[in-house]
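Reader: I have not looked at this one before. Could you take me through it?
Author: Here it is.

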Amino acid sequence: MAVVKYVADYEVEPCTGCNQCDIVCPSKAITMVAGKPIIDDDLCIGCGRCVDRCPEDIMWMTQRTDQLTVTVRPEEAAQDKVAALLLKAGIDANVSVCVCTLTPASEIAASIVKGARNLEEVSAATGMRSGCGIYCVAPALRLLQAAGADMSPPKGFRWYPLTLSLWDISDEARARYPDAFIDEDRAAFDPEGKFGPMKEQA
Amino acid sequence: MSALAHALAPPAFMHSDYGPELKPHVHTLPGMTSVGVGDLFPSFAPAITSGDPGDLERVRAETRASLAKVDMSGLTADDSVNILASEHGFGLMGGWPYAEMIKTIREVVLKRTPCRRINLRLAIYRGFREADEVNAHFGFEEAFEGRVKGLGPFDPGVKVDTTIGPMYLVKRAFDATKFIHAYYDDPREMYFNRLLYKSFKSFCMSYARFETRSVYHSLFGNRSGSIIPRALFDCAYIQQRYAFSSVLRTTPMGVIGVDATQDLYAIDRRITESHLETYGRMQRLFAEIKDCVAVWDGGRWGYYLHAGGLIFGTLLTNHHDAFDLDEPVVAGFMQVPGAPVNFSKNKALRGIVVNQAWVGAGIPYVTMPFTSPMYIVGDEQAKLWREDPTNPLLIDRAKVVDSVESGIRAACEKGQTDKVIVFDGSYGHITCNAPMADLLRSSAPKVDREVAETLLPKWKMQRGLV
């Protein structure tokens, strides 16, 4: 869950329409219309990345009148489907996928079961990526891949479909790096041997 | 009770958009002193520089001497070469020694090879303005005649095939025909990297897109994550472009030299052995601290501010021996089912006073204020934290105080401790108060013996170094 206190805004006139704010926006809250960004306040999760990225320094964050609580509650998604998705992805339900908002893997999975189809929709639904925007990405992509989502990367360089995990390392790679603790970590993190490789990397 | 000597000044640091206005350092407060790392562990070799911009001649000399042994015949007139620098080197002793090594690499390449297109690529963490700040502060624009660009995790990527599968690097890092891995060996987050092939980490962090960084942190354990930077370094895309490595060598005393060669695996073995001996002792010395208040007082993110060469994160996560590879997790995202390790589990840390540091800006401290009360000095700094999306809950739990003295007083009272340690970027000494100085001095001999007789043999055996 993320409690969003701020929303992005900008000065229209000096904006050059460079599109950088749009590309770094994690929740697709920014759409370019006639060379200017249109910000959807309901989708903005307050990460501030557009403000930091703006080469003209004409964006800022403004405090919301009412805080926006972004979350998917367990009862909003069928829990058996959530569990099946986590199992397929090889991700423990309780792991904090987004360490900034402490959003657990179960909530990310629930957002996908509920209907989120891509990384932007997962971010908008759960608030993940509202902080650092880095460490949560691969587990979320892996859950999307496990759900059969279209993993074609969007235009530009918003994200690339990388979902490699400990469970995907081949025997050949293990043999090449015998001191990489692959078997030891698999045993530690999955003592019951429930998890396995994804059938196909995106 | 020790005699109270005046505290030494920490390294100067640059102003940043990501931090508050520069404030007076904590070492000037009454009651603060310095404990010399060399006094604690006399076997440690002295540093070759104070870190001051006027005291870099030995860094230049060591860089030249080490590079003299490197075969640079692969760099031709037709080549362009990127010197790849990683952001945290600029937080090491104020950053000037690292900057000097980088500038000297350029001079030597110019002198010894016909290659003339020598670029600097500044890999930063997350803030899009970090590279410009570093470029200006250390005078790289002039030194590299304008051939400087920054790069970060959100920049366009390039897909590379490795033995463990495709991964994504940052395209701009490799927009020349060759590159030089210009690194530093600060073990930094030893609770994540576990000193397992740390010299390779840039290949899955500084030079990599955020997806690759996420895979390294979130879909592998502390130990197994070491396969990722190695697989990247060993892949054809990198090996076709790789010229050589030059690594600024450190111990908790400070910079001790430069190690340059094409064989990064050999450098890594030398670094690992040295670090187990030196940082290993300091890490275990920190484990002797059973109650304390920590003060952040530097020009980087709080986790990465040094005291005696060890970053604050080392103290925060000192609930486990970070070098003991029998432990699957010290502080990781992937957790053992039923036995999660809270990042901020160390109960010895009774409070944190933030005199000055960069705000989170991508560094999550989310669980920290749940376990250690935080005191933020001044409204200006509090405003930065309030607006930090990486730590949305932090300011709700932190207290804003009007002075560092009142913050330390309140933290010590609430935490029932009289020991204060300051993370102000210092190498070679620890800024602290008298009770902490007494504890460190009295504990060091025991730690020295324990590491030499018990821990070091185990750590080395676990890494195949015996």
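**A first look at the chains**

Author: Chain A has 8 helices and 6 strands, where helices (H or I, at least four residues) and strands (E, at least two) are DSSP runs numbered from the N terminus. This is a predicted model, in which local features need pLDDT of at least 70 and side-chain atom pairs count only at pLDDT 80 or more, while totals for chains, interfaces and linings use all residues. Residues are numbered from 1 along each chain as its sequence is written, and chains are lettered from A and ligands numbered from 1 in the order in which they are written.

Reader: What pattern does chain A follow along the sequence?
Author: The pattern is β-α-β-β-α-β-α-β-β-α-α-α-α-α. The C-alpha trace of chain A spans about 60 × 40 × 25 Å along its principal axes.

Reader: How many residues of chain A count as buried?
Author: Of its 202 residues, 50% do. A residue is buried if 20 or more other C-beta atoms, placed from the backbone, lie within 10 Å of its own, exposed if 12 or fewer, and partly exposed in between.

Reader: OK, chain B. Which domains does it have?
Author: The assignment gives domain 1 (26-44 + 289-454) and domain 2 (57-276); such bounds come from an automatic or database domain assignment. The centres of the two domains of chain B, taken over C-alpha atoms, are 28 Å apart.

Reader: How many residues does the contact take from each domain?
Author: Domain 1 of chain B gives 27 residues and domain 2 of chain B gives 26, with two residues in contact if their C-beta atoms, placed from the backbone, lie within 7 Å. On the domain 1 side, α1 (37-40), β12 (310-311) and α12 (312-316) of chain B give two or more residues.

Reader: There's a helix at 279-287 of chain B. Is it enclosed or open?
Author: Helix α11 of chain B is largely enclosed by the rest of the structure, because 9 of its 9 residues are buried. Among them are Tyr279(B), Arg281(B) and Phe286(B). The cover over the buried residues of α11(B) includes α6 (190-193), α10 (264-277) and α17 (434-462) of chain B.

Reader: And where do the two chains meet?
Author: The contact takes 45 residues from chain B and 52 from chain A. On the chain B side, α7(B) provides the largest share, 8 residues.

Reader: Last one: what does Val295(B) touch?
Author: Its contacts include Val26(B), Val353(B) and Phe423(B), not counting residues up to four places away in sequence.
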